[in-house]
Amino acid sequence: MKDSDKIALITGITGQDGSYLCELLLAKGYKVHGVVRRTSNMLRSRIEHLRRNEEIYDQQLFLHYGDLSDSTTLRRIVGDVRPMELYHLAGQSHVGLSFEIPESTCEEAGMATLRLLEVARSQPQPVKFYHASSSEIFGNASEIPQTENTPLRPTSPYGCAKAFATQLARVYRESHGLYVCNGILYNHESPRRGENFVTRKIARAAARIARNLDNELVLGNLESQRDWGRAQDYVQAMWLMLQHETADDYVVATGETHSVREFVDAAFAVVDLPWEKYVKHDPSFDRPTEPARLVGCADKIRETLSWKPAGSFRQLVHEMVEAELAAIDPRF
Ligand code: NAP
Ligand code: GDD
């Protein structure tokens, strides 16, 4: 690809994945355009370091106001930017919350994806489209580990919306010949994870308890198991998908599962504290229904695109707790 062709548009650029993907694409010489929504707070913490950098902001990185509900604006942005690659990451991403706000979750994860597929389809130039699908589409999975061919059995409004969007992406690829990939990503974490996801909540609490800023950590289901990887590795997988000659769907996972309890145990071990003394259960954090055990088989992406994750579960936990300790006091 010529350097002048390297133009990417990211929805959800202010999120965990959007911010890492933005850094990755900038390092690869792309001009990166991001859709940001209007909020009452101008600070976009995960990309603020890029926005403050005069050599990057408005030179290599451009931000456009837009919202997933506003299809005329999305159409105008895509038409103006003319991206070669469109990474669609935006939307309400909290599974538990999707039981409280199902309509907006389904609008954002489901209908907004349809709108963007339509926008991409009507562009004069070819657009490569990445859809942020999720392991939640497998829900009560009929097999372990799950692959690209595992039947979809979602257990939450979020999972249903992602399943709808995943199927639509396949239909647009097969019926309209659009280049669209579903990245079926399993949980991936980092110090930039939202504070109400379980890994960040645990890492933050372990650090704060160690520094006497808190004295308890209140959680829901400790027994549920997830396949946790590093967000930085997973955005690399997104990029690799769009570099391949043909569009396809890929599971992105480590192939290892750990329970929430194991995550707690590993996080408190970093600060050398007995977690049983501090962790309380509150049923309000339990979900009405949820997948008991999600674990992915990433053989296809390893073999086809040579993707491989770096680092272990313990290293991930360590990195997240250390980042929280440093945020409390940078001398540590
Ligand atoms: P995240 O941190 O929650 O970021 C979500 C992004 O979407 C933010 O930039 C947010 O903007 C934006 N957004 C939300 N609603 C919007 C709207 N109505 N209009 C415009 N922008 C909107 O999520 P993430 O962890 O980076 O995940 C990225 C995508 O991958 C999501 O679609 C998620 O469902 C999916 N996914 C994530 C994982 C994972 O483990 N992280 C796994 C599988 C799939 P604000 O900053 O303004 O809120
Ligand atoms: N958030 C949260 N808060 N989860 C808790 C808590 C708590 O206090 N206590 C226990 N859990 C359990 C949840 O019930 C779930 O089984 C597990 O911890 C992980 O929860 P989250 O970190 O909220 O992630 P998730 O698995 O529901 O969803 C994430 O991964 C999906 C991919 O599998 C999100 O990033 C989704 O956007 C993504 O699609």
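A polar side-chain atom of Y158 sits 2.6 Å from an oxygen atom of ligand 1. Bear in mind that this is a predicted model. Taken alone, ligand 1 would expose 900 Å², and the protein buries 87% of that. Beyond the ligand, the other thing to look at is how the protein's two assigned domains, domain 1 and domain 2, meet.

**Polar contacts to ligand 1**
- The side chain of R37 puts an N or O atom 2.8 Å from an oxygen atom of ligand 1.
- Q16 joins in through its backbone, with an N or O atom 3.0 Å from a ligand 1 oxygen.

**The shell around ligand 1**
- Ligand 1 has 23 residues around it, and the closest are T14, D17, L89, S93 and Y158.
- By type, that shell splits into seven nonpolar, ten polar and six charged residues.
- Strand 5 chips in the most, with three residues.
- Helix 1 (16-27), strand 5 (128-134) and helix 5 (157-176) are the elements that supply two or more shell residues.

**How the two domains meet**
- Domain 1 covers 3-189 + 230-252, while domain 2 covers 198-226 + 257-328, going by the domain assignment.
- Their centres, taken over C-alpha atoms, are 25 Å apart.
- On the domain 1 side 32 residues take part in the contact, and domain 2 brings 24 residues.
- About 2,400 Å² is buried between domain 1 and domain 2, with carbon and sulfur atoms giving 63% of it.
- E189, R230 and Y250 are the domain 1 residues that lose the most area to domain 2, together making up 20% of what that side buries.

Key: Residues are numbered from 1 along each chain as its sequence is written. Chains are lettered from A and ligands numbered from 1 in the order in which they are written. This is a predicted model: local features need pLDDT of at least 70, side-chain atom pairs count only at pLDDT 80 or more; totals for chains, interfaces and linings use all residues. Side-chain values use heavy atoms; hydrogens and water are left out. A residue is near a molecule or strand if one of its heavy atoms lies within 4 Å of it. A polar contact is a pair of N or O atoms within 3.5 Å; within protein, one must be able to donate a hydrogen and the other to accept it, and residues adjacent in sequence count only if both atoms are side-chain atoms. Accessible areas come from the Shrake-Rupley method with a 1.4 Å probe; for residues, only the protein chains shown count as cover. Helices (H or I, at least four residues) and strands (E, at least two) are DSSP runs, numbered from the N terminus. Ala, Val, Leu, Ile, Met, Phe, Trp, Tyr, Cys and Pro count as nonpolar, Asp, Glu, Lys and Arg as charged, and the others, Gly among them, as polar. Domain bounds come from an automatic or database domain assignment. Contact means heavy atoms within 4.5 Å. Buried area is the accessible area (1.4 Å probe) that two parts lose on being put together, summed over both.
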